[in-house]
Amino acid sequence: MSERKYPIGIQNFEKLRTDGYVYVDKTAWVYKLVNTGSYYFLSRPRRFGKSLLLSTIEAYLEGKRELFEGLAIEQLEKNWTKHPILHLDLNTEKYTTPEALDAILDDALSSWESLYGRRESERSLSLRFQGIIRRACEQTGERVVILVDEYDKPMLQAIGNPELQTAYRDTLKAFYGALKSRDGYIKFAMLTGVTKFGKVSVFSDLNNLQDISMWDRYADVCGVSEEELLRDFSGDIRMLGEANGMSEEETLAKLRENYNGYHFCEDCIGVYNPFSLLNTFAQKRFRSYWFETGTPTYLVELLKMHRYNLEDLAHEVTTADVLNSVDSASTNPVPVVYQSGYLTIKEYDPRFETYTLGFPNREVEEALQQINDKQYTLPFSADGRQVFKVGVNFSKETRNIERWLIEGQK
């Protein structure tokens with residue numbers, strides 16, 4: 001078997017295809033997304049392939065047929081129309097002031113205005129965005145595609161700073177309002193991120209977005225399914241086993257134990273963490289690759305701020321409303337921990353519509369233990385008891401879900 005090129009850190013679809021990297025074909029999902037709806041939101045943990053998914057959609061809707069040779073979408077698409085693309089990546093800035101977000105948006109708008117022009121009366125960020133969408137459609141004769149990568153980065157970095165979060169929320173809420181006001185000029189729009197901020201968020205007016213984060217039909221739109229693992233990496237599994245003195249069955253079992261187990265909806269297939277999987281095949285060693293890239297600062301700060309007992313995470317019981325939305329003012333960090341990939345759905349009770357959460361795999365369980373053991377250790381009272389913890393209490397007697405706050409007693 002010749003040496004394979006694994007797309008570790010590769011987020012650009014055109015680069016991946018032209019440079020001969022391994023690609024797990026997700027183009028059937030791309031075709032389905034584009035041809036069955038217009039506005040989408042997808043939440044997935046970091047390094048799960050969200051940026052590559054958006055880049056794939058971009059290449060498809062730019063009509064770059066040559067990049068899709070031999071892939072599923074080649075047999076599905078007949079027209080390959082070229083659409084104007086407005087691709088915004090909010091992952092490139094450190095958001096510590098309101099001006100930081102304004103600068104990123106202004107830079108993107110200026111780039112698009114160099115192509116499609118600007119009216120003198122368009123002075124605010126939102127008005128400029130609306131004008132660009134309209135002119136891009138009118139000048140090209142095709143509706144516009146809008147792709148937003150890491151839409152939540154400013155909000156996440158401002159956790160614990162209500163004033164800054166309010167500033168970012170107000171800016172983004174007005175900016176994304178163009179998706180409704182310019183609907184007639186838009187072919188397709190998709191926002192991705194780690195978390196979904198609800199209630200007081202940028203989504204409060206964007207009710208035309210379909211949130212597919214917990215849809216079973218898109219459970220493996222990012223990540224690697226068991227079927228894809230066996231189809232595309234059979235040789236890699238064998239070579240990994242040989243390098244570690246293991247049989248193929250033992251190797252596959254260890255891959256499942258370490259990196260599989262992410263369930264993003266009830267009764268749906270599990271997926272592997274692609275970053276850890278690809279690194280394991282490239283280095284032929286089992287390690288905690290995903291965790292070693294760093295625990296997000298926002299998650300550490302949130303756990304410290306609410307003094308959450310990480311041992312309680314293993315059997316958390318909650319509802320879809322809690323999992324689906326992060327409220328920056330909430331005292332419950334569970335939604336952020338879940339959406340960040342440190343918890344996953346283990347069981348679903350349809351009678352009470354409740355989800356039991358747990359660690360998806362060994363890599364994550366050991367990662368959280370390290371967080372708990374190191375500098376992120378949470379404060380305790382003088383007698384060693386935790387000062388307080390926040391979670392969801394499941395009453396077996398009443399079968400009700402209640403948010404609760406318990407103050408420790410000395």
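This is a short walk through one protein chain, covering its two sheets and the helix pairs packed around them.

The model is a predicted one. Its mean pLDDT is 85, and 84% of the residues reach 70 or more. One stretch needs a warning: over residues 375-410 the pLDDT is below 50. That stretch still has 76 contacts in the model beyond near neighbours in sequence.

I will take the five-stranded sheet to begin with. Its strands follow the order β2-β3-β4-β1-β5, the sheet is open, and the pairing is parallel. Which strands stand at the edges? They are β2, residues 85-89, and β5, residues 210-211. Each of these has a single partner strand, so one of its sides is left without a neighbour in the sheet.

For β2, look at its pairing with β3, residues 144-149. Five bridges link β2 and β3, in the parallel sense. If you want a place to put your finger, Asp89 stands opposite Asp149 of β3.

Now the helices on this sheet. Helix α2, residues 27-36, packs on the sheet and touches β1, residues 39-43, and β4, residues 186-193. The direction of α2 makes about 125° with that of β4. Helix α3, residues 50-61, lies across β1, β2, β3 and β4. Relative to β4, α3 runs at about 165°.

These two helices also pack on each other. A word on description: two packed helices are described by the angle between their axes and the distance between the axes. For α2 and α3 the angle is about 65° and the axes are 10 Å apart. That angle makes α2 roughly perpendicular to α3. Their crossing is right-handed.

Which residues bring α2 and α3 together? From α2 there are Thr27, Val30, Tyr31, Val34 and Asn35, and they meet Leu53, Thr56, Ile57, Tyr60 and Leu61 of α3. Sorted by class, that contact holds seven nonpolar residues, three polar ones and no charged ones.

Next, a group of helices that share α8. We can start with α6, residues 125-140, against α8, residues 162-176. Their axes are 8 Å apart and the angle is about 25°. The helices α6 and α8 are therefore roughly parallel to each other. The crossing of α6 and α8 is right-handed. On the α6 side the contact is made by Leu125, Ser126 and Phe129, and on the α8 side by Thr171, Ala174 and Phe175. The contact of α6 with α8 has four nonpolar residues, two polar and no charged.

Helix α5, residues 98-116, also packs against α8: the two axes come within 9 Å and cross at roughly 20°. So α5 and α8, too, are roughly parallel to each other. Pro98, Ala100, Leu101, Asp102, Leu105 and Leu109 of α5 meet Leu164, Ala167, Tyr168, Thr171, Leu172 and Phe175 of α8. By class, there are 10 nonpolar residues in the contact of α5 with α8, one polar and one charged. Thr171 and Phe175 of α8 are worth finding in the model, since they are listed in the contact with α6 and in the contact with α5.

That leaves the other sheet. It is open, with three strands in the order β8-β10-β9 and antiparallel pairing. The edges are β8, residues 317-319, and β9, residues 344-349; each has a single partner strand, so one side of each is left without a neighbour in the sheet. On average, neighbouring strands here are turned by 40° against each other, with direction ignored.

How many bridges join β8 to β10? There are three, and the two strands run antiparallel, with β10 covering residues 354-358. One bridge can be placed by residue: Thr318 has Tyr355 of β10 as its partner.

Conventions
Residues are numbered from 1 along each chain as its sequence is written. This is a predicted model: local features need pLDDT of at least 70, side-chain atom pairs count only at pLDDT 80 or more; totals for chains, interfaces and linings use all residues. Side-chain values use heavy atoms; hydrogens and water are left out. Two strands pair if DSSP finds at least two bridges between them. Helices (H or I, at least four residues) and strands (E, at least two) are DSSP runs, numbered from the N terminus. Contact means heavy atoms within 4.5 Å. Axes are lines fitted to C-alpha atoms, for helices over the stretch in contact, and angles run from 0 to 180 degrees between N-to-C directions. Angles under 35 degrees count as roughly parallel, over 145 as roughly antiparallel, 65 to 115 as roughly perpendicular and the rest as oblique. A crossing is left-handed if the near helix is turned anticlockwise from the far one by less than a right angle, and right-handed if clockwise. Ala, Val, Leu, Ile, Met, Phe, Trp, Tyr, Cys and Pro count as nonpolar, Asp, Glu, Lys and Arg as charged, and the others, Gly among them, as polar. pLDDT is the predictor's confidence in each residue, from 0 to 100.
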